[in-house]
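This report introduces a protein model to a reader who has not met it before. It moves from the whole chain to a sheet, a core, the ligand surroundings and a single loop residue.

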Amino acid sequence: APDAEELVDKIRVLKERHRAIILAHNYQIGEVQDVADLIGDSLELARYAATTEADVIVFCGVHFMAETAKILNPSRKVLVPDLKAGCPMSDMITPEEVDRLRRENPGAIVVTYVNSPAAVKAKSDICCTSANAVRIVSSIPKETPIIFIPDQFLGDYVQRATGRQLILFEGFCPTHMRIMASDIDQARQEHPGAFVIAHPECQPDVAKKADVVSSTSRMATAVRENPAQKVVVGTELGMIYRLQKENPDKEFIPACSSCDCANMKVNSLEKILWALEDMSPEITLPEGILKDARRALDRMIELS
Ligand code: 13P
Ligand code: SF4
């Protein structure tokens, strides 16, 4: 089998030939992060994809992220290393659920976390990511009821941050669900003075114990700016690769050693190479869904 260096060389050649760029989420395995043109959180990657002049985007993350790139820049070819890399939280919500919530709450605005299928975004008023959810919700007039889907814990966090009541749905991230409040207590006890970061997808009793609750890229900024030598990481384990690379002298302690997202880890250098060789698998969407989902995503981009 070819070694990593060989694979990277071949990827670079094909990337140039096809005028392609590689985008990678902060949770991707190290080799994939290292070959990427940009690493980021959902919002940064979406924004970059929206304006890139490359002909081809190889999106290394999970399905909804690549779909978002396609919706925001439909004339580009969007490839993924593996179509099976989905997000279980995204699969928890359907367009029918959105119809039901709207029927039950007439006049409400639907704010949809990007971790959702395109067909759900198409039925939404505006999207958000973990980086801008507070800002998006705050932009909606106080008297307007808000349906927030699908993540109940991000929703709970936004409620606390904005002081607003949201109509929540029962979705959650099975990966972040694994972190327990007792894990944070234990880590603080074992590592006094450590800086504790957590993702808003964590359960509320976990998020409340963290020093910073933020999107993955803001975590990276917060860690660079914080003087603590030890950092307790309350998010998916892949995040530690970037944090360690940017802060070689700091020590990173996972809040929970089983907080890994298997879907994020199915992408590899081999699969990136194959995608560029075959120009497949490609993300495609029905015209109607593309157009309607774009409205909700464009509103988000305008506001953030
Ligand atoms: P970010 O947008 O903060 O990178 O989060 C994406 C995600 O899937 C977290 O589990
Ligand atoms: Fe989805 Fe959770 Fe994996 Fe993020 S970490 S992609 S929310 S399952």
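## Overall form

For a chain of 304 residues, a compact globule would have a radius of gyration near 19 Å, and the protein chain has 19 Å, so the two agree. The model is a predicted one. Taken along the principal axes, the box filled by the C-alpha atoms of the protein chain is roughly 55 × 55 × 25 Å. The protein chain holds 14 helices and 12 strands. Of its 304 residues, 48% are buried. When contacts between residues at least 6 apart in sequence are considered, 65% of them join residues at least 24 apart.

## A parallel sheet

Four strands form an open sheet in the order 6-5-7-8, and their pairing is parallel. Strand 6 (126-128) and strand 8 (167-168) lie at the edges with a single partner strand each, so one side of each has no neighbour in the sheet.

Strand 5 covers residues 109-113 and is joined to strand 6 by three bridges, the two running parallel. Strand 5 also pairs with strand 7 (residues 146-149) in the parallel sense, here over four bridges. Strand 5 is mostly covered, as four of its five residues are buried.

Individual residues show how these strands are matched. Thr-112 has Cys-127 as its bridge partner in strand 6, and in strand 7 its bridge partner is Ile-149. Tyr-113 stands opposite Cys-128, which belongs to strand 6.

## The nonpolar core

In soluble globular proteins, nonpolar side chains tend to be buried together. The largest nonpolar core of this model has 99 residues, of which Leu-23, Val-58, Phe-59 and Ile-272 touch the most other members. The element that gives the most to this core is helix 4 (residues 63-72), with six residues.

Val-58 illustrates the contacts made by one of these residues. Apart from neighbours within four places in sequence, Val-58 is in contact with Ala-20, Ile-22, Leu-79, Ile-272, Ala-275 and Leu-276.

## Surroundings of the ligands

Two ligands have their surrounding residues described here by class.

| Shell | Nonpolar | Polar | Charged |
|---|---|---|---|
| Ligand 1 | one residue | eight residues | three residues |
| Ligand 2 | seven residues | four residues | two residues |

The residues surrounding ligand 1 are Asn-26, Asp-41, Ser-42, Asn-115, Thr-129, Ser-130, Cys-173, His-199, Glu-201, Ser-215, Thr-216 and Glu-236. Around ligand 2 there are 13 residues, and those that come nearest are Cys-87, Met-89, Cys-173, Thr-175 and Cys-261. Cys-173 is thus named in the surroundings of ligand 1 and also among the nearest residues of ligand 2.

## A loop residue

Asn-247 is found in the loop that lies between helix 12 (239-246) and strand 12 (251-254). Is this residue buried, exposed or partly exposed, and what gives the answer? Asn-247 is partly exposed, because 16 other C-beta atoms lie within 10 Å, whereas a buried residue would need 20 or more and an exposed one would have 12 or fewer.

Leaving aside neighbours within four places in sequence, Asn-247 is in contact with Val-223 and Arg-224. Asn-247 and Arg-224 stand 23 residues apart in sequence, and their C-alpha atoms are 7.0 Å apart in space.

How values were computed. Residues numbered from 1 in each chain as written. Chains lettered and ligands numbered in written order. Predicted model: local features only at pLDDT ≥ 70, side-chain atom pairs only at ≥ 80, totals over all residues. Rg over C-alpha atoms; globule rule 2.2 N^0.38 Å. Contact = placed C-beta atoms within 7 Å. Pairing = 2+ DSSP bridges. Near = placed C-beta within 6 Å. Nonpolar A, V, L, I, M, F, W, Y, C, P; charged D, E, K, R; others polar. Core = buried A, V, L, I, M, F, W, Y, C linked by C-beta atoms within 7 Å.
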